[in-house]
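Colleague: Could you walk me through this model and the words you use for it? I would like to hear the reasoning behind each label.

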Amino acid sequence: MENKNKNRSKALLLIGIILVVFTGALYLLLVKDRTTQRAICLGFMMGAEVVFFGGMLGIEFLSKKTSQIILRTVCGIALGIGSLVSIVVSYIYIVGESDGLTHFYSLQLIIWVIACVVFIIGYFTASSVKKSETGVMNAVVTLTEVINQLNLLSSDAKNAPYSKQIKKIAEELRYSDTSSLVPSDEKIGHVVAKLDLTLMQEYTKEEKDVKVENLLSELLALINKRKQEVKLTKVGGI
């Protein structure tokens with residue numbers, strides 16, 4: 001995957017250099033009356049090409065830390081349309097007979113302000129989605145490990161007296177909301193580890209019953225607390 005990104009970046013860089021050089025050469029070959037206004041328009045045209053390919057290289061870099069689909073779609077479209085419109089406007093002013101650059105500058109400013117706004121919105125949206133996706137993945141992995149550990153404990157013949165309660169807790173976790181990782185997840189993992197250790201220890205039946213019951217009650221309380229924490233994350237409370 002990383003090699004593909006590097007190859008794509010090299011290809012974009014090479015194509016960008018070729019296109020900028022081609023644009024400059026074409027101007028020198030075809031335009032005989034090289035006025036200052038036309039030179040400025042050419043500068044904007046070549047600048048739009050540099051911005052487009054430089055922006056695409058930036059997207060390649062940023063895509064490692066954000067949602068690739070959103071970033072490439074929204075930001076790529078913003079760069080593409082912005083650059084294309086800027087190039088077309090520059091071309092019109094190069095071949096046209098318009099005097100003065102006030103309207104030209106105004107059009108370029110409007111084009112790039114809109115493109116920048118869309119690009120920024122796309123970037124922050126992609127970052128937010130990536131953060132959410134990472135939170136979901138972390139929560140799923142963490143809870144899956146805990147559930148598997150509980151299932152092993154419940155299936156152990158030595159833990160038969162507590163098997164039903166442990167299975168019930170595992171089911172509670174299995175069907176819980178995994179949209180985000182919350183503080184209680186770490187505590188649940190610690191309590192399950194304590195439960196595992198307690199079940200392996202040699203206690204009298206009464207002592208073991210009390211310790212296991214306390215840990216199971218603590219797990220149920222943490223699971224209920226977790227539900228509240230997940231709700232709070234959805235409204236920005238954590």
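Modeller: Gladly! Contact here means heavy atoms within 4.5 Å. By that rule, Ser67 touches Ala126, Val129, Lys130 and Glu133, once residues up to four places away in sequence are set aside. Please keep in mind that this is a predicted model.

Colleague: Where does Ser67 lie, and why does Ser67 count as buried or exposed?

Modeller: Ser67 sits in the loop between helix 2 (36-62) and helix 3 (68-95). Buried means under 20% relative accessible area. Ser67 has 8% relative accessibility, so it counts as buried.

Colleague: Let's step back to the whole chain. How many helices and strands does the protein chain have?

Modeller: There are seven helices and zero strands. Read along the sequence, the pattern is α-α-α-α-α-α-α.

Colleague: What radius of gyration does the protein chain have, set against a compact globule of 238 residues?

Modeller: A compact globule of 238 residues would come out near 18 Å, but the protein chain has 30 Å. The C-alpha trace spans about 100 × 35 × 20 Å along its principal axes. As for burial, 34% of the 238 residues count as buried. Among contacts with a separation of 6 or more, 74% are accounted for by residues 24 or more positions apart.

Colleague: Now the packing. What makes helix 2 and helix 3 roughly parallel or antiparallel?

Modeller: Their packing angle is about 170 degrees, and their axes are 8 Å apart. Angles over 145 degrees count as roughly antiparallel. Helix 2 and helix 3 are therefore roughly antiparallel to each other. The contact of helix 2 with helix 3 has 17 nonpolar, seven polar and four charged residues.

Colleague: Which residues in helix 3 could show me that packing from the inside?

Modeller: Leu79 and Ser83 are good ones to look at. Leu79 is found in helix 3, and its contacts beyond four places in sequence are Val51, Phe52, Gly55, Met56, Ile59 and Phe119. Ser83 is also placed in helix 3. Leaving aside neighbours within four places, Ser83 is in contact with Ala48, Phe52 and Trp112.

Colleague: How do you know whether Leu79 and Ser83 are buried or exposed?

Modeller: The cut-off for buried is under 20%. Leu79 has 8% relative accessibility, so Leu79 counts as buried. Ser83 has 3%, so Ser83 counts as buried too. For a sense of distance, the C-alpha atoms of Leu79 and Asp33 are separated by 31 Å, with their positions 46 residues apart along the chain.

Colleague: And Thr35: why is Thr35 given its accessibility label?

Modeller: Thr35 is in the loop between helix 1 (2-30) and helix 2. Buried is under 20%, exposed is over 50%, and partly exposed is in between. At 31% relative accessibility, Thr35 therefore counts as partly exposed. Its C-alpha atom is separated by 44 Å from that of Lys64, 29 residues apart along the chain.

Colleague: What makes Ser155 buried or exposed, then?

Modeller: Ser155 lies in helix 4. The cut-off for exposed is over 50%. Ser155 has a relative accessible area of 56%, so it is exposed. Ser155 and Lys167 are twelve residues apart along the chain, and their C-alpha atoms are separated by 8.8 Å.

Colleague: Why are helix 4 and helix 6 called roughly parallel or antiparallel?

Modeller: Helix 4 (residues 102-155) and helix 6 pack at an angle of about 20 degrees, with axes 10 Å apart. Angles under 35 degrees count as roughly parallel. Helix 4 and helix 6 are therefore roughly parallel to each other. The contact residues divide into nine nonpolar, three polar and two charged. On the helix 4 side they include Leu143, Val146 and Leu150, and on the helix 6 side they include Ile188, Val192 and Leu199.

Colleague: How do you know how helix 6 and helix 7 run relative to each other?

Modeller: Helix 6 (residues 183-200) and helix 7 (residues 205-234) pack at about 165 degrees, with their axes 9 Å apart. The cut-off for roughly antiparallel is over 145 degrees. Helix 6 and helix 7 are therefore roughly antiparallel to each other. Their contact residues divide into twelve nonpolar, two polar and nine charged. Among them are Ile188, Val191 and Leu195 in helix 6, and Leu215, Leu219 and Leu222 in helix 7. The crossing of helix 6 past helix 7 is left-handed.

Notes. Residues numbered from 1 in each chain as written. Predicted model: local features only at pLDDT ≥ 70, side-chain atom pairs only at ≥ 80, totals over all residues. Heavy atoms only, no water. Axes fitted to C-alpha atoms, helices over the stretch in contact; angles between N-to-C directions. Helix = DSSP H or I, 4+ residues; strand = E, 2+ residues; numbered from the N terminus. Parallel < 35°, antiparallel > 145°, perpendicular 65-115°, else oblique. Left-handed = near helix turned anticlockwise from the far one by under 90°. Nonpolar A, V, L, I, M, F, W, Y, C, P; charged D, E, K, R; others polar. Buried < 20%, exposed > 50% of the residue type's maximum accessible area, 1.4 Å probe, protein only. Rg over C-alpha atoms; globule rule 2.2 N^0.38 Å.
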